[in-house]
Amino acid sequence: MDYSNIIAKHIASIPRSGIRDFFELVQGRDDVISLGVGEPDFSTPWHIREAAIYSLEKGQTSYTSNLGLLSLRKSIAKYVSRFFHVDYVAEKEVLVTVGVSEAIDLALRALLNPGDEVIYHEPCYVSYSPSIVMAYGKPVTVVTKKEDGFSLKPEAVAAAITPRTRMVMLNFPTNPTGACATREDLEGIAKLCIEHDLIVMTDEIYSELRYDGEEHLSIAALPGMRERTILLHGFSKAFAMTGFRLGYACAPQPIIEAMMKIHQYAMLCAPIMSQNAAIEALENGTPSMEKMRDSYHQRRDYVVKRLNDMGIECHTPGGAFYVFPDISKFGLSSKEFAMKLLEQESVAAVPGTAFGACGEGFLRCCYATGFDDLKLAMDKIEHFISKL
Ligand code: PLP
């Protein structure tokens, strides 16, 4: 049977994730040091795991409300108010989702009409452009540059706005660059969104992972923005809970209601054990999170220094757990560099092009890897480039 005609055209047009493709090459190889998949090397803190275990022990194995457990939504509203300084009503402005991944999909599908343009900044997380296409939207890329520390400039956003623009998608700290937004840039972007009546979707999944004592600022907290912002956050990164598959969206009630409609038919609800664990994370998990963050901070400093010392230019990212060094001077494409590094030194890092065409000449290294392995990986990278 010829399957080429039975796959929907817009789905056939989207590529597979460049990260996954690369890591299929690595699977089953114990000799490889992975600076690859963006995942904490910590297990979920024990008290959070225990909350999931207790949930099962108590026989809490049912569906929950489509929106999520009200007790969890109350914890989310309290946490978001304390951490982001934005207030949401737990009963109707918070939706618990299966990871931020689902929340991105829901927000786009709930708001876009076919052909609506969505502005997003590249290099960026691999799902953004495909998720826009899956929602019948049109992705409009704004390239961020190494010279600006990969920050998003309001002028660049302004230049991308057209009469079809509906939404702006933000992600700070950014995967894969670790870039953080300044207040000034966020204010400039907010002003544009108000002037042009645009909705903002802000993916704040790395917001706890800020370094050098800097405080995170969400665009949702700026004057006039709460009413036009969908704030997405989750538990995967800061609480090391990737396998729990839990995230949430906070937004004005009509937006949450529209997202909930898709969620209730496509997903029904997030798993109750994960929801119970998430309450524990929000209520009592901050000290565990801070310990992990301090450890990432040390590793960031180590990796940035090692790369710069060996002659690979690497800006110092303000957040997340990635560095995005410039490898263009070695005369190999990002993919060639990553493949040769894997073949010759058994170190896996992701070619910058997995995060958009403008990632050519860069490599993403995730430093949420044990210190011994990080040191060995840096030694091996140094050895690799000495031969180029
Ligand atoms: N958003 C960004 C920017 C990410 O880097 C990731 C995962 O790497 C996700 C969303 C997906 O998060 P979740 O595990 O909550 O689905």
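Select helix H12 (residues 334-345) together with helix H13 (residues 371-386), where helices (H or I, at least four residues) and strands (E, at least two) are DSSP runs numbered from the N terminus. H12 and H13 pack at an angle of about 110 degrees with their axes 10 Å apart, and they are therefore roughly perpendicular to each other. The axes are lines fitted to C-alpha atoms, for helices over the stretch in contact, and the angles run from 0 to 180 degrees between N-to-C directions; under 35 degrees counts as roughly parallel, over 145 as roughly antiparallel, 65 to 115 as roughly perpendicular and the rest as oblique. Show the side chains of Phe337, Lys340, Leu341, Gln344 and Glu345 in H12 and of Lys380, Ile381, His383, Phe384 and Ile385 in H13, which make the contact (heavy atoms within 4.5 Å).

This is a predicted model, in which local features need pLDDT of at least 70 and side-chain atom pairs count only at pLDDT 80 or more, while totals for chains, interfaces and linings use all residues. Residues are numbered from 1 along each chain as its sequence is written, and side-chain values use heavy atoms, with hydrogens and water left out.

Keep H13 selected and add helix H11 (residues 286-309), whose axis comes within 10 Å of that of H13 and crosses it at roughly 10 degrees, so that H11 and H13 are roughly parallel to each other. Among the residues that meet here are Tyr302 and Arg306 in H11 and Met378 and Glu382 in H13.

Next, select the ligand, which is surrounded by 13 residues, the closest being Ser101, Asp203, Tyr206, Ser236 and Lys237 (a residue is near if one of its heavy atoms lies within 4 Å). An oxygen atom of the ligand is 2.5 Å from an N or O atom in the side chain of serine 101, and a polar side-chain atom of tyrosine 206 lies 2.7 Å from a ligand oxygen atom. For arginine 245, the distance from a polar side-chain atom to an oxygen atom of the ligand is 2.8 Å.

Finally, turn to the loops. Most residues other than glycine have a negative phi, and most peptide bonds are trans. Select proline 123, in the loop between strand E3 (117-122) and helix H6 (128-134), where a cis peptide bond with omega of about 0 degrees joins glutamate 122 and proline 123. Then select leucine 268, in the loop between helix H9 (253-266) and helix H10 (272-284), whose phi is near 75 degrees, a positive value in a residue other than glycine.

Definitions and conventions:
Polar contact = N/O pair within 3.5 Å; in protein donor to acceptor, adjacent residues only side chain to side chain.
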